[in-house]
Amino acid sequence: MYKALRILAGLVILGVVCLLAFIFVPVQRTEPATELAADWTPAPGQGEYVMNAGDCVACHTAPDGETLAGGRAIESPMGTIWSTNITPDKENGIGDWSFADFRAAMIDGVTPNGTHLYPAMPYENYRLMKEEDLRALYDYLMADVKPVAVANKETSLSFPFNMRFGIRAWNWLALSHGPGFTPLEKTEAEDRGQYLVEGPGHCAACHSPRNTFMAQDGVTADNGSFLSGGVIGGWNAPSLRGEGSAPQQWSVEEMASYLATGRNAHSTANGEMGLVVEHSLQYLTDEDNIAIAAFLKGIDGEKVAVPSSFANAGPIVTPTAPADDAGKATAEMLTAAEPGLPEGARLYLDNCSACHFVTGKGAAGIFPELQGNHLVTGSEVGPLVSVILHGAEVMPTAKRPMHLVMQGYADRLSDDEVAELSTWLRQAWGNDAGAVSAADVAAQREAPTH
Amino acid sequence: MARQEKKKDVVIVGLGWTGSIAGIELAQEGLDIVALERGEDQSVVPTFKYPNQIDELKYGVRNTNFQHPSRQTVTVRRNEGENALPYRVLGSFLPGNGVGGAGTHWNGLNWRPQPVELQLRSHVRDHWGEQIIPDDMVLQDYPVTYDEMEPFFTRFEKVAGISGYAGNLKGEIREGGNPFEGWRSEDYPMPPMKTTYDASLFAEAAKKAGCHPFPAPAGIASQAYTNPYGMQMGPCNYCGFCERYGCYQYSKSMPQTATLDALKAYPNFSYRTGAEVLRVEMAEDGKTATGVTYFDHAAQEEVFQPADIVILSSYQLNNVHLMLLSGIGQPYNAVTGEGVTGKNYAYQMNGGITLFFKDKNFNPFVGHGANGQAIDDYSISQIDFGAEGFIGGAYWRAGTFNGQPIRSMPLPKGTPTWGAGWKEGIGEWYGHAMSIGSHGSHMSYKTNHLDLDPTYKDPHGRPLMRMTFNWNQNDLRMNQFQKRMMEPIAEMMGADSWQAGFKDVGAQYDVRPYQTTHNTGGHIMSDSPTTGAVNKFSQAWDKHNVFCMGAGNFVQNTQYNPTGMVGGLAYHTVHAIRTQYLSNPRPLV
């Protein structure tokens, strides 16, 4: 009995010691993947390029705020996380950080004082970045970015998520990979694409599913779950692999166009992906966008022919596509336009068909396809309803400067009508997704998803 | 004391077709450019959004998309003896306003002139002798030839996104195209639009009569299109709301679909709206301009914008007005025939036949502004002027372009114009009428010109511009010729009834009914400073850093809608600025 109590007491003490150690013993920083030569310096422009590839601006810049000065709200299931100031301001930014401090934040998710970053910062992915790119990015942020004296907003999540030390345990689960990049050794372009996708591009942060612990299920390309689809901020981040996925249905050129210009022969980039195009992908070289597209094309093992260019200057004329077998019945029903049309179909004819056509095929580069469009058929109905109500836009890019705006129909269609129309769209041309309710529409009317 | 803005390399006055073309091409040279636009900013969404824009009463009848006469207008008289009165209600022509200008509300008919139209005096002299030129006609050759202009027409057609089928591809005449057009180095960028029923009926009849029908060239997208600037158009849905409206569907060639966003992407370009240019300011030596003074509508004050190059790219009437107010070119004097600015104002001479078929349904609400089949068999290059007794010609076109209920209700003569009888007529005939239009040339005359009005002033205290204009017997005879040629073809078509509407000899200009917004001339191009206001590069003869773009350059009006030539001349001008002027600013001729 006494012995048992002693053992118990011992265990309690051990537990307390472990807990205290867990909370207070500083995290061991991961060693760099590569040792750089002492005189190594980044190539001119490399750091800014890495910053663009990493899409730092999208999260670390508030709407109408100073570039990289933080203050953007990142909505998470645990509550709002505020992005921080990463300008070299000593008071509010990262001006006092050493490169080792910076690397630790990027690959271990730990700040110089040992605080754990919330994994809204995709250090799970940045952990795969090359040492050279981390150094180039650090040099750029410190030397070329204007310090901005904007104080950080404090993120205050509810219990237990406000106990940041808990992230330490989470990291044991989430950071089993890396550091550094391991190519699959396919073609040069695919390997480059793999690096951009896995590392700086942090595509898995949205496009991989999350496991029970909310860690990315599939961080590297050797994992079968990698990029097999996720949900972010009420948007479906569709699967980028497998039959029916965009990379398998589109050509490499079309995928590269989508990445670089936010538009291609099939679709447009909206919501979160629109931001990625606007702030990151449009600034990559053509070779890199082709590389990403090539890697995605070959993700399931297909051999990939790498094109040399995409989204070239016009004149480019693209005929509108006829209805395919899956869409034929719907196209015929809309063309006949009999008086007994279902309400959704009638609403489509009156409001949508001029651009998206009775075929649901739209027009290349300008009016997206609605047939098989994941935004139409996704598990998340918010984006579809929001686009119908409030419209959508594709921002100007260098190769396609047109600011493409779809108008909203909030002033023209009631909640019931939008629900009818959305439900119809989700089942037209062979689309096969569930109904949308007027309540879903009402929610979007009040608080749009984008 | 006017506010002064920071000096720019280039100031552009008016941000429509030619202003945006000048902007984008000169921005590529790295020049620091500002465009000043009198009206408001306009985008497809929200400005032209569906269904708000297709409101016939608001935009088609009350003309909300246009320059409002209370802000700016002209006075009009038919001859020197009349007292010119202000054009207070828009009727005969509809000047545009706002970003995109008249390029937003045109029909999309994009033509090139025939080669002989650019050398018309020589053509007449060589074939019939100069004695057939009426005394009061001021017939001149353009100082540019079709061959010189061809690459620039092609360039504009690619940028604007034109649908059509070439009839003369590098000299090879192609079946189904226009055999009488000037040669094209390339086919149209897009295939032609679909043909509506009325147009195919006309084409069939025209063919039987030995004519050569072809699809009218359209500034309307027949397919998805990306232009050389990466700008985009979506395929047209044939809704029929082109003329008087901005296109909500990204389908019509407009600066909004062809140039503006690409231009706005240049960091060295900026534009200000609500910036109404009042005059061009001149250097003390009188040989160059120093910039422009504009009225800033937001700040309610005058602003001086200094610049090294001034590009006048506002509507033709406004360009001429600014030149008269600023002393660019000597004002034209109709009595002595001396002077150049305001000279050779010209217009368009149109007519047509409407046919009624009880048993045919034309679905007139399906169409677009440039819809239809056209023929050029009675065009300038095909007519024996000596035998016919006039100089000029026309193209014809049939094709529904809208079924809008307020303005598009053609009824057979004799139908009551109001009340129950009118309603009955509408019920009987709506959708059963089609028309064939003749769109004819208009020559320039000593008597038709523009100058400053001695009486009326605008809100800024500037004299209004005065238009002295009347129809001339030469063009009316041309119109009657077209009527005589068209009537047998209309008769062949087997309508239940048809009626012709062609102005006859003796007709007087009536400023009330809509005719066309093809106001041309006033700052015509010429090969000598005594015969025109600008040289072949649209450069003011007497102020070498002022370039005047647009239909004001037209020596006499062609038989076609002017946009294709306006666009071609704009590219011709900016090419000269880029390759000849910037390195050594000077008179280029």
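Two residues are in contact here if their C-beta atoms, placed from the backbone, lie within 7 Å. Keep that cut-off in mind as you click through this predicted model.

**Stop 1: two helices in chain B**

Select α5(B), residues 146–160, together with α13(B), residues 563–581. Now colour the residues that touch. On the α5(B) side you will find B:Met149, B:Phe152, B:Phe153, B:Arg155, B:Phe156 and B:Ala160, and these meet B:Gly564, B:Gly567, B:Gly568, B:Tyr571, B:His572 and B:His575 of α13(B). Sorted by class, this contact of α5(B) with α13(B) holds six nonpolar residues, five polar ones and one charged.

Two packed helices are described by the angle between their axes and the distance between the axes. For α5(B) and α13(B), the axes come within 8 Å and cross at roughly 110°. Angles of 65 to 115 degrees count as roughly perpendicular, and α5(B) and α13(B) are therefore roughly perpendicular to each other. The handedness of their crossing is right-handed.

**Stop 2: the whole of chain B**

Zoom out and show chain B alone. How many helices and strands does chain B have? There are 13 helices and 24 strands in chain B. Its radius of gyration is 23 Å, close to the 25 Å that the globule rule gives for 589 residues, so chain B is as compact as a globular protein of that length. If you align the view to the principal axes, the C-alpha trace of chain B spans about 70 × 55 × 50 Å.

Colouring by burial is worthwhile too: 58% of the 589 residues of chain B count as buried. Switch on a contact map if you have one. Of the contacts in chain B between residues at least 6 apart in sequence, 75% join residues at least 24 apart.

**Stop 3: a glycine in a loop**

Next, select B:Gly210, in the loop that lies between α6 (197–208) and β8 (214–215) of chain B. Is B:Gly210 buried or exposed? B:Gly210 has 8 C-beta neighbours inside 10 Å, so it counts as exposed; the cut-off for exposed is 12 or fewer. Add B:Asp377 to the selection and draw a distance: C-alpha to C-alpha, B:Gly210 and B:Asp377 are 9.0 Å apart in space, with their positions 167 residues apart in sequence.

**Stop 4: where the chains touch**

Bring chain A back into view. The contact between the chains takes 24 residues from chain A and 27 from chain B. On the chain A side, the elements giving two or more residues are β5 (316–318) and α16 (353–356). β5(A) gives the most, with three residues. By class, the chain A side that touches chain B has 15 nonpolar, seven polar and two charged residues.

**Stop 5: an enclosed helix in chain A**

Hide chain B and pick α19(A), residues 415–425. Nine of its eleven residues are buried, so α19(A) is largely enclosed by the rest of the structure. Among the buried ones are A:Glu417, A:Glu420, A:Leu421 and A:Trp424. Which elements cover the buried residues of α19(A)? The cover includes α15 (343–351), α17 (374–377), α18 and α20 of chain A.

**Stop 6: α18(A) against α20(A)**

Finish with two of those covering helices, α18(A) and α20(A). The axes of α18(A), residues 382–390, and α20(A), residues 438–446, come within 9 Å and cross at roughly 60°. That makes α18(A) oblique to α20(A), and the crossing is right-handed. To see the contact, show A:Gly382, A:Val385, A:Ser386 and A:Leu389 of α18(A) with A:Asp440, A:Val441, A:Gln444 and A:Arg445 of α20(A). Those residues comprise three nonpolar, three polar and two charged.

Conventions. Residues are numbered from 1 along each chain as its sequence is written. Chains are lettered from A and ligands numbered from 1 in the order in which they are written. This is a predicted model: local features need pLDDT of at least 70, side-chain atom pairs count only at pLDDT 80 or more; totals for chains, interfaces and linings use all residues. Helices (H or I, at least four residues) and strands (E, at least two) are DSSP runs, numbered from the N terminus. The radius of gyration is taken over C-alpha atoms; the globule rule is 2.2 Å times the number of residues to the power 0.38. A residue is buried if 20 or more other C-beta atoms lie within 10 Å of its own, exposed if 12 or fewer, and partly exposed in between; C-beta atoms are placed from the backbone. Axes are lines fitted to C-alpha atoms, for helices over the stretch in contact, and angles run from 0 to 180 degrees between N-to-C directions. Angles under 35 degrees count as roughly parallel, over 145 as roughly antiparallel, 65 to 115 as roughly perpendicular and the rest as oblique. A crossing is left-handed if the near helix is turned anticlockwise from the far one by less than a right angle, and right-handed if clockwise. Ala, Val, Leu, Ile, Met, Phe, Trp, Tyr, Cys and Pro count as nonpolar, Asp, Glu, Lys and Arg as charged, and the others, Gly among them, as polar.
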